[in-house]
Every structure is written in structure tokens, then in C-alpha cells.
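Welcome! The exercises below walk through one structure, each with a worked solution. Please look it over before you start.

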Amino acid sequence: MLSRMEMDPARMDLLYGFFNTYLYLNAKEEEQMAEEIAKLPKEEAKKLFKNPNVYYEKGKKEGIEEGIEKGIEQGLVQGIEKGLEQGIEHGIKKVITNMLQKGFSDEIIADVSGVDREEIKKLKRRVCD
């Protein structure tokens, strides 16, 4: 097996590069290879995984895909949360505007809405303009 061959690192890289480029294993073949590697002594198996190989690239690709998937999912959740917050805020401002137009006092509006009086005064200026 390759791990038993005593070659300089450059030749090993070249040989592994050749195999990784031209030897494509299907899922069953990969499973068989993993079983064979598991039978090897630990030190020999370690040598196999020290060399650059297609599994590194495959793992990297899968990691990127998983990261993108989780990022999109997280982005959707955050977007929905932010949209809800903005919708609630807009609704409160609409109610405050309606209350101002009906002549409610700033104090009552602040008590009912939970919005501070400064924000109510800003909205009042907009309504009056």
C-alpha cells in the first residue's frame, strides 16, 4: 500500500494527486476503502490521512454547503423576527397617530402604548405638519 512506500514527500504528493484526480470512487467503494483503512495499524492509517486527498476537498465542500444552508436558514429566521418587530412598531405608531388625531393626551397615549413621551411628541409634530 502507498503508506508503506518510502518516498520523499514531493513524490507522495504527486502520486496522491494522480489518484485523487483520476480515481473516482462511488459510495460503496468509499465505504469498502474506509473499512480497509480501519483494519490498518493506527500509525499506517494516520499516514494516509496526512497526505492531501480528495476527502479533504469533499469535506470542505460539504462543510461550505452546510454552512450556506444554515446561514440561509438563520437569515430567514432573523428576517422574519425583524419583520415582525418592524410590523409591531409600525402598528403601534399607527395607533398613536390615530389617538393623536382623536385628541388623546400625550400622557394617556404613553400609558396605553408604553412609548415614551419624546417619541409621542415626534409623532405629534409629523401629524400636525
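Buried means under 20% relative accessible area, exposed means over 50%, and partly exposed lies in between (1.4 Å probe, protein chains only). This is a predicted model, in which local features need pLDDT of at least 70 and side-chain atom pairs count only at pLDDT 80 or more, while totals for chains, interfaces and linings use all residues. Residues are numbered from 1 along each chain as its sequence is written, and side-chain values use heavy atoms, with hydrogens and water left out.

**Exercise 1. The overall plan**

Task: Describe the secondary structure of the chain and how much of the chain is buried.

Solution:
- Step 1. Begin with the elements: the chain has six helices and zero strands. Helices (H or I, at least four residues) and strands (E, at least two) are DSSP runs, numbered from the N terminus.
- Step 2. Follow the order along the sequence, and the pattern reads α-α-α-α-α-α.
- Step 3. Turn to burial: 16% of the 129 residues count as buried.
- Step 4. Add the surface, which comes to about 10,600 Å², with 57% of it belonging to carbon and sulfur atoms. Accessible areas come from the Shrake-Rupley method with a 1.4 Å probe; for residues, only the protein chains shown count as cover.
- Step 5. Finish with contacts, meaning heavy atoms within 4.5 Å. Among those between residues at least 6 apart in sequence, 47% join residues at least 24 apart.

**Exercise 2. Lysine 93 and its surroundings**

Task: Place lysine 93 in the structure and find which residues it is in contact with, leaving aside neighbours within four places in sequence.

Solution:
- Step 1. Locate the residue: lysine 93 belongs to helix α4.
- Step 2. Check its exposure. Lysine 93 counts as partly exposed because its relative accessible area is 28%.
- Step 3. Look beyond the neighbours within four places in sequence, and lysine 93 is in contact with Glu119 and Leu123.
- Step 4. Compare positions along the chain: lysine 93 and serine 113 are 20 residues apart, and their C-alpha atoms are separated by 9.0 Å.
- Step 5. Find the charged partner. The side chains of lysine 93 and glutamate 89 meet in a salt bridge, at 3.5 Å from N to O. A salt bridge here is a side-chain nitrogen of Lys or Arg within 4 Å of a carboxyl oxygen of Asp or Glu.
- Step 6. Note the spacing: both residues of this pair lie in helix α4, four residues apart, about one turn of the helix. Glutamate 89 is partly exposed, at 47% relative accessible area.

**Exercise 3. Two more salt bridges**

Task: The structure holds five salt bridges. Work out where the pairs glutamate 66 with lysine 70 and arginine 117 with glutamate 107 lie.

Solution:
- Step 1. Take glutamate 66 and lysine 70, whose side chains meet at 3.2 Å, N to O.
- Step 2. These two are four residues apart in helix α4, so about one helical turn separates them.
- Step 3. Compare their exposure: glutamate 66 is partly exposed at 44%, whereas lysine 70 is exposed at 52%.
- Step 4. Move to arginine 117 and glutamate 107, which form a salt bridge at 3.9 Å, N to O. Arginine 117 is in helix α6 and glutamate 107 in helix α5 (residues 106–113), so this pair ties together parts that are ten residues apart in sequence.
- Step 5. Both ends can be checked for exposure: arginine 117 is partly exposed at 44%, and glutamate 107 is partly exposed at 46%.

**Exercise 4. A buried charge**

Task: Is aspartate 106 buried or exposed, and what does it touch, not counting residues up to four places away in sequence?

Solution:
- Step 1. Find aspartate 106 in helix α5.
- Step 2. Apply the cut-off: aspartate 106 counts as buried because its relative accessibility is 16%.
- Step 3. List the touching residues, not counting those up to four places away in sequence: Leu100, Ile120, Lys121 and Lys124.
- Step 4. Follow one of them, Lys121, to helix α6 (residues 117–128). Lysine 121 is partly exposed, at 37% relative accessibility.
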